[in-house]
Amino acid sequence: MGKGKVSNSSHNESNDNETKLVLNIYDLTPMNNYSYWIGFGIFHSGIEVHGKEYGFGAHDFSISGVFEVEPKCCPGFSYRCSISLGRINMSSSDFRAFIENLASDYHGNTYHLISKNCNHFSDDIVYKLTGKHIPRWVNRLARLGSLFSCLLPEGLQATRVKKVPEYHQIEGTETLSTATPSEIDETEQENPLLSPKDGSVDINFVKAAPSDCKTEMP
């Protein structure tokens, strides 16, 4: 399976395979309200394709950490803005195969705020589909790396899903029901990643393609 063909024209004939590629950006901390204006912040991002948003989050298991949510509605974060990255010509079924292939490289227990975070995942998707990168400021914290990691709040240095009670396979996805706030102790509540703000939230984790079924990208 090759890259999605980038379309820059709005005058093409109707094409059901063509879809917009959008980077949705969220704040991980209220301090972004001040630091954003000087080009610095701690952000989560997801890629919106075919009406769904895909992101990468942490948990304790050696299975896919790639999840699917409604666009601009990722639980546990405050939506900030969206950046249009153009349009691609890729059917929803081809994109599903693409994201399942990619999910095998993004297990939840490999997440790291500095070296392998949600923004690395978003950038990987965009680069594989378009040959371009997401804006540098979105992941500037990771590039600064260890110089500032010791100054980050402890809850942000080890972000992960609160609880993974069970998985249910549904049409190529695995549905994760996270714990309600009453089931999470006070120390865990400092951790913002994928923690529901109001009650329980179902998050659809993309089931990774088996290693023997992966399709190589050219």
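## Histidine 59

Histidine 59 counts as buried, because its relative accessibility is 1% and the cut-off for a buried residue is under 20%. The model in which this residue is described is a predicted one. Along the chain, histidine 59 belongs to the loop between strand S4 (52-56) and strand S5 (66-69).

The side chain of histidine 59 has a polar atom 2.9 Å from the backbone oxygen of serine 64.

## Strand S4 and its partners

Strand S4, which precedes the loop of histidine 59, is itself largely enclosed by the rest of the structure, because 4 of its 5 residues are buried. S4 pairs with S3 in the antiparallel sense, and 3 bridges join the two strands. S4 also pairs with S5, again antiparallel, over 4 bridges.

One residue of S4, glutamate 53, appears in both pairings. Toward S3, glutamate 53 is the bridge partner of glutamate 48. Toward S5, the bridge partner of glutamate 53 is valine 69.

## Two residues with positive phi

Most residues other than glycine have a negative phi. Histidine 50 departs from this pattern, with a positive phi of about 50° although it is not a glycine. The residue lies in the loop between S3 and S4. These two strands form a hairpin with 2 residues between them, and histidine 50 is in the turn. Histidine 50 is partly exposed, because its relative accessible area of 27% falls between the limits of 20% for buried and 50% for exposed.

Lysine 72 is also not a glycine, and has a positive phi of about 65°. The loop that holds lysine 72 runs between S5 and strand S6 (78-89). With a relative accessibility of 38%, lysine 72 counts as partly exposed.

## The internal cavity

Rolling a probe the size of a water molecule over the atoms shows where empty space is left. In this structure, 1 cavity of 30 Å³ or more is present. The largest cavity has a volume of about 80 Å³. Its lining is made up of 15 residues, and those nearest the centre are Phe43, Leu113, Asn117, Asn119 and Leu141. Strand S3 (43-49), helix H3 (118-130) and helix H4 (140-144) are the elements that each give two or more residues to this lining.

Helix H4 supplies the largest share of the lining, with 3 residues. By class, the lining of the largest cavity consists of 9 nonpolar, 5 polar and 1 charged residues. Strand S3 therefore has a place in two parts of this account: S3 contributes to the cavity lining, and S3 forms the hairpin with S4.

## The chain as a whole

The chain has 218 residues, of which 47% count as buried. Its secondary structure comes to 6 helices and 9 strands.

Among contacts in the chain with a separation of 6 or more, 71% are between residues 24 or more positions apart.

Key
Residues are numbered from 1 along each chain as its sequence is written. This is a predicted model: local features need pLDDT of at least 70, side-chain atom pairs count only at pLDDT 80 or more; totals for chains, interfaces and linings use all residues. Side-chain values use heavy atoms; hydrogens and water are left out. Buried means under 20% relative accessible area, exposed over 50%, partly exposed in between (1.4 Å probe, protein chains only). A polar contact is a pair of N or O atoms within 3.5 Å; within protein, one must be able to donate a hydrogen and the other to accept it, and residues adjacent in sequence count only if both atoms are side-chain atoms. On a 1 Å grid over the protein atoms alone, a cavity is a set of points where a 1.4 Å probe fits but cannot get out, and a pocket is an open set with protein on both sides within 12 Å along at least five of seven lines; lining residues have an atom within 4 Å of a point. Grid points are joined across faces, edges and corners, and a volume is the space filled by probe spheres set on the points. Ala, Val, Leu, Ile, Met, Phe, Trp, Tyr, Cys and Pro count as nonpolar, Asp, Glu, Lys and Arg as charged, and the others, Gly among them, as polar. Two strands pair if DSSP finds at least two bridges between them. Contact means heavy atoms within 4.5 Å.
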